[in-house]
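Q: Could you walk me through this model? I'd like to start with the charged pairs and then move on to the pockets.

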Amino acid sequence: NSWIDAGGPSPSEKMTKAYCLMLLDEALARNNQALYIGALESPEFKYIFYASQVRPNKNIMTLLHAYDYLLKRRFIGAKLFLTGNPISMPEVGNFVRQHGLDRDVIFLQNLTVSELAAAYRMATLAVNPSLSEGGCPFTFSEALSVGTPVVMSRISVTEEVLTNEELQKITFFDPYDWKDCANRIEWGLSHTDELLLIQKKTYAELQGRTWSDVVGEYVEFLEFASEESGS
């Protein structure tokens, strides 16, 4: 969140929003999305945000299927902002073109850190449908740091780190079921305040973790592994 500090001792909400809008307009212009420059100033303009490279394990095709359904069958009226390059997976670009989503799915590549923070800040909802991650996806902490709620796939690492049952119930979806993904996104768009309230509690707990905690956990595991191998 420090990357969207608008300056001054205590920048107002209005100043922060204006700065974020400026950053996003610059990103849109650089990515040949001039059609949307200035559009984000409208309170009616909403978008879902997934910050990720385009790789098979990132599960973008499931998200696109879910979004296409939400847009055309549930009439959610929100755009989908992605940060990856569709050239990396031709099926991604093909799906967007074949389903007429060229003006609804916006690819913003090569974002600066400040632009990425602004994209999270102005999103109505962040989403992460990933099938596998080496650690808890950054989406949760990055989105919550700027006050944006998030829905995520239920995978081992997210269940291990985000253990609160109430939070899991309203945050997670089956990453292998695009309809479940769509249902969770639709619910999240309609219950952003409720989602944010519950997720902020866990985010506050995660903020208390330090590298000392991480080192301690590694040492504890290595000692356990050593004892197991010697028994």
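A: A salt bridge here is a side-chain nitrogen of Lys or Arg within 4 Å of a carboxyl oxygen of Asp or Glu, and the structure holds seven of them. This is a predicted model, in which local features need pLDDT of at least 70 and side-chain atom pairs count only at pLDDT 80 or more, while totals for chains, interfaces and linings use all residues. Residues are numbered from 1 along each chain as its sequence is written, and side-chain values use heavy atoms, with hydrogens and water left out.

Q: OK, which residue does Asp 68 form a salt bridge with?

A: Its partner is Lys 72, with the closest N and O atoms 2.8 Å apart. Both residues belong to helix α2 (residues 60-72) and sit four residues apart, about one turn of the helix; helices (H or I, at least four residues) and strands (E, at least two) are DSSP runs, numbered from the N terminus.

Q: Why would residues four places apart point the same way?

A: An α-helix has 3.6 residues a turn, so residues three or four places apart point the same way.

Q: And is Asp 68 buried or exposed?

A: Asp 68 is buried, at 13% relative accessible area, whereas Lys 72 is partly exposed at 38%. Buried means under 20% relative accessible area, exposed means over 50%, and partly exposed lies in between (1.4 Å probe, protein chains only).

Q: What does Glu 186 meet in a salt bridge?

A: The side chain of Glu 186 meets that of Arg 74, at 2.9 Å from N to O. Glu 186 lies in helix α8 (residues 178-190) and Arg 74 in the loop between α2 and β2 (78-82), so this pair ties together parts that are 112 residues apart in sequence. Arg 74 counts as partly exposed, at 42% relative accessibility.

Q: How about Glu 159, which residue is its partner?

A: Glu 159 forms a salt bridge with Arg 154, and the closest N and O atoms are 2.8 Å apart. Glu 159 is partly exposed at 31% relative accessible area, and Arg 154 is also partly exposed, at 36%.

Q: Switching topic: how many residues of helix α4 are buried?

A: Eight of the ten residues of α4 (residues 113-122) are buried, so the helix is largely enclosed by the rest of the structure. Among the buried ones are Glu 115, Tyr 120, Arg 121 and Met 122.

Q: What do they pack against?

A: The buried residues of α4 pack against α1 (13-30), β1 (46-50), β4 (125-128) and α5 (138-145), where contact means heavy atoms within 4.5 Å.

Q: Now the pockets. How much space lies in the largest one?

A: About 1600 Å³. Of the 43 residues that line this pocket, the closest to its centre are Gly 135, Cys 136, Pro 137, Phe 138 and Ser 141. On a 1 Å grid over the protein atoms alone, a pocket is an open set of points where a 1.4 Å probe fits, with protein on both sides within 12 Å along at least five of seven lines, and lining residues have an atom within 4 Å of a point. Grid points are joined across faces, edges and corners, and a volume is the space filled by probe spheres set on the points.

Q: Which helix gives the largest share of that lining?

A: That is α5, with six residues.

Q: And the second largest pocket, which residues lie nearest its centre?

A: Phe 45, Arg 121, Met 122, Ala 123 and Thr 124 lie nearest the centre, out of 20 lining residues. About 340 Å³ of space lies in this second largest pocket, and α9 gives the most to its lining, with three residues.
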